[in-house]
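Trainee: I have this model open and I'd like a close look at one part of it, the inside. Could you walk me through how the nonpolar core is put together, and then show me how the rest hangs around it?

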Amino acid sequence: MTARGKKTVRDLRRGSRSTLLRRLYFDGPLSRQELGSITGLSGGSISNVTGELLADGLIEECGSVESDGGRPRILLRVAAGRAHLVGVDVGETQVRVALFDLARTELAASDRPLDDRGHDAGHVAELILAGLAEVLERTGTDPGTVLGVGVGVPGIVEQGVVGGGGVGRGAVERGIGPDLGGGAGAVVHGQTVGWDAVPLGRMLRAGTDLPLFVDNGAKTLGQAEMWFGAGRGARHAVVALFGSGVGACVIADGARFRGATSSAGEWGHTKVHVGGRRCRCGARGCLEAYVGAEALVARWGAAPTGGGEKAGLAALLAAAGAGDPAAVALLDEAAEYLGAAIADLVNLFNPERIVIGGWAGLLLGPRLLPGIRAAATEYALRFPREQTEIVLGTLGPAAVTVGAATLPLSDFLDSGGEFPRRAEADAAVAPAGLRA
Ligand SMILES: [Zn+2]
């Protein structure tokens with residue numbers, strides 16, 4: 001570390017690399033001239049830094065465009081195949097592990113259902129590691145090209161807890177550090193799935209030396225929708241995850257708002273009815289206890305046996321579509337609850353956009369959206385409501401996995417394209433990026 005306020009040549013170079021890499025990643029392909037006018041960097045800097053990035057194989061030339069009267073301008077873009085990302089969604093009924101290239105093309109995925117141990121943390125960690133081994137092996141991917149494993153989980157994630165929640169090995173466990181994602185120290189408080197300070201990072205570290213990143217599933221979904229989906233271009237937004245449970249990711253001035261210990265955005269446990277229905281968290285009257293998919297299916301009470309929540313919710317939707325009065329009333333009420341709860345978000349955070357995602361949100365969204373918008377208008381303060389648009393997510397049900405993969409990606413772009421260190425020097429005995 002250098003003294004505060006002093007930037008070394010290396011810091012500046014890293015900053016320029018990061019700036020150009022980010023621009024090319026999000027807005028490419030671009031010519032060197034366009035990069036210069038967007039970033040304000042000098043022609044010489046652009047030439048030097050793009051030269052380095054080309055030599056490192058991180059960017060590539062991809063054709064050219066005519067310029068007014070001059071020579072054609074060569075276009076540059078990030079080289080999609082140069083590195084890989086892993087995204088994991090610890091879902092309500094299964095664990096999904098997906099391998100992506102840098103352009104977020106899914107190269108392989110492994111879906112492993114939870115068995116009768118449910119969300120037992122050891123079981124979940126086993127499924128993640130088995131899925132990771134499978135996607136790397138199936139694609140023959142060199143673990144040295146994997147920038148990290150991002151994991152989206154249900155619950156509140158405390159980052160970088162040294163020693164892993166009081167059961168670890170002390171202050172300087174190797175494997176915890178910014179170059180390794182810091183996720184090896186992640187501890188998860190997942191009250192609705194029975195996780196009480198689960199040291200998930202440390203449990204995964206026992207089985208892989210790849211950099212680890214762990215975050216709340218709603219926050220990973222939020223990052224994905226903000227970067228690539230319906231949230232693009234907004235600086236103040238809320239991305240709501242509407243699945244079996246309900247969560248949210250609050251984006252304030254372009255950054256995810258986390259609060260003191262990362263629990264900000266637990267919107268599903270805001271109260272819509274004092275003394276109301278019992279929620280999975282143990283309290284009464286939570287939003288989730290009224291509009292979460294699990295609650296809706298339970299309240300509908302006509303789920304086909306064996307089909308699970310998705311089949312139950314689809315049956316509810318079909319019944320409402322056929323005019324069944326009980327189904328129509330239940331969905332109308334759900335739209336009103338969601339709209340009122342969104343009005344609270346509008347009043348509290350003054351977002352310019354609210355994005356509704358998650359598998360249940362995408363399934364029910366087209367039917368509920370008009371009712372949600374109307375209720376939000378009825379319940380919110382008029383001025384902030386007029387500034388807020390309410391839209392559906394555009395990334396589909398796999399958005400949590402994509403979002404989880406953005407965690408290592410974000411680190412990589414910030415570093416200016418440095419490949420992360422692996423944990424300890426076990427690569428020789430763990431050729432597939434995995435420990436025995
Ligand atoms: Zn609750």
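Mentor: Here is a walk through the core, then the helix packing beside it, and then a few spots elsewhere in the chain.

Keep in mind that this is a predicted model. The mean pLDDT of the protein is 88, and 89% of its residues reach 70 or more. Two stretches deserve caution. Residues 162–180 stay under 50 in pLDDT, and the model gives them 35 contacts beyond four places in sequence. Residues 425–432 are also below 50, with 10 contacts beyond near neighbours in sequence. Where pLDDT is low, the predicted coordinates should not be read in detail.

Now the overall layout. The protein has 436 residues, and 50% of them count as buried. You'll find 13 helices and 16 strands in it. If you take contacts between residues at least 6 apart in sequence, 63% of them join residues at least 24 apart.

On to the core itself. In soluble globular proteins, nonpolar side chains tend to be buried together. Here the largest nonpolar core has 45 residues, and Phe242, Trp267, Leu313 and Ile342 are those with the most contacts inside it. Strands and helices both feed this core: β12 (237–242), β13 (246–252) and β15 (353–357) each give two or more residues, and so do the helices α7 (288–291), α8 (293–300), α9 (308–321), α10 (325–349) and α11 (359–379). The biggest giver is α10, with 12 residues.

Click on isoleucine 342 to get a feel for that core. Setting aside neighbours within four places in sequence, Ile342 is in contact with Trp267, Ile354, Ile356, Ile372, Ala376 and Ile390. A second core, separate from the one we've been in, has 42 residues and includes Leu24, Leu76, Leu85 and Val355.

Valine 239 is a good next stop. Val239 is found in strand β12 and counts as buried, at 0% relative accessibility. Val239 and Ile354 are 115 residues apart in sequence, yet their C-alpha atoms are 5.8 Å apart in space. Beyond four places in sequence, Val239 touches Leu221, Gly222, Glu225, Met226, Gly247, Ala248, Cys249 and Val355. Val355 is also among the residues of the second core.

Next, look at how two of the core's helices pack. Two packed helices are described by the angle between their axes and the distance between the axes. For α9 and α11 the angle is about 5 degrees and the axes are 11 Å apart. An angle under 35 degrees counts as roughly parallel, so α9 and α11 are roughly parallel to each other. On the α9 side, the residues that meet α11 are Glu309, Lys310, Leu313, Ala314, Leu317, Ala320 and Gly321; their partners in α11 are Trp359, Ala360, Leu363, Leu364 and Arg367. By class, this contact has eight nonpolar, one polar and three charged residues. Leu313 turns up here, and Leu313 is also among the residues with the most contacts inside the largest core.

Leucine 99 gives you another buried spot to look at. Leu99 lies in strand β5 (residues 94–101) and is buried, with a relative accessible area of 0%. Leaving out residues up to four places away, Leu99 touches His84, Leu85, Val86, Thr105, Glu106, Leu107, Ala108, Val135, Leu136, Thr139 and Thr141. One of those, Leu85, is included in the second core. The C-alpha atoms of Leu99 and Val149 are separated by 9.1 Å, with their positions 50 residues apart along the chain.

Let's finish with the loops. Most residues other than glycine have a negative phi, and most peptide bonds are trans. Gly28 and Pro29 are joined by a cis peptide bond, with omega about 0 degrees, and Pro29 sits in the loop between α1 (9–27) and β1 (30–31). Asp253 has a positive phi, near 50 degrees, and lies in the loop between β13 and β14 (255–256). Asp253 is partly exposed, with a relative accessible area of 48%. Ser262 also has a positive phi, about 70 degrees, but Ser262 is buried, with a relative accessible area of 10%. You'll find Ser262 in the loop between β14 and α7. Finally, Arg117 is in the loop between β6 (106–113) and α4 (121–139). Arg117 is partly exposed at 42% relative accessible area, and beyond four places in sequence, Arg117 is in contact with His123 and Glu126.

How values were computed:
Residues numbered from 1 in each chain as written. Predicted model: local features only at pLDDT ≥ 70, side-chain atom pairs only at ≥ 80, totals over all residues. Heavy atoms only, no water. Core = buried A, V, L, I, M, F, W, Y, C linked by side-chain atoms within 4.5 Å. Buried < 20%, exposed > 50% of the residue type's maximum accessible area, 1.4 Å probe, protein only. Helix = DSSP H or I, 4+ residues; strand = E, 2+ residues; numbered from the N terminus. Contact = heavy atoms within 4.5 Å. Axes fitted to C-alpha atoms, helices over the stretch in contact; angles between N-to-C directions. Parallel < 35°, antiparallel > 145°, perpendicular 65-115°, else oblique. Nonpolar A, V, L, I, M, F, W, Y, C, P; charged D, E, K, R; others polar. pLDDT = per-residue confidence, 0-100.
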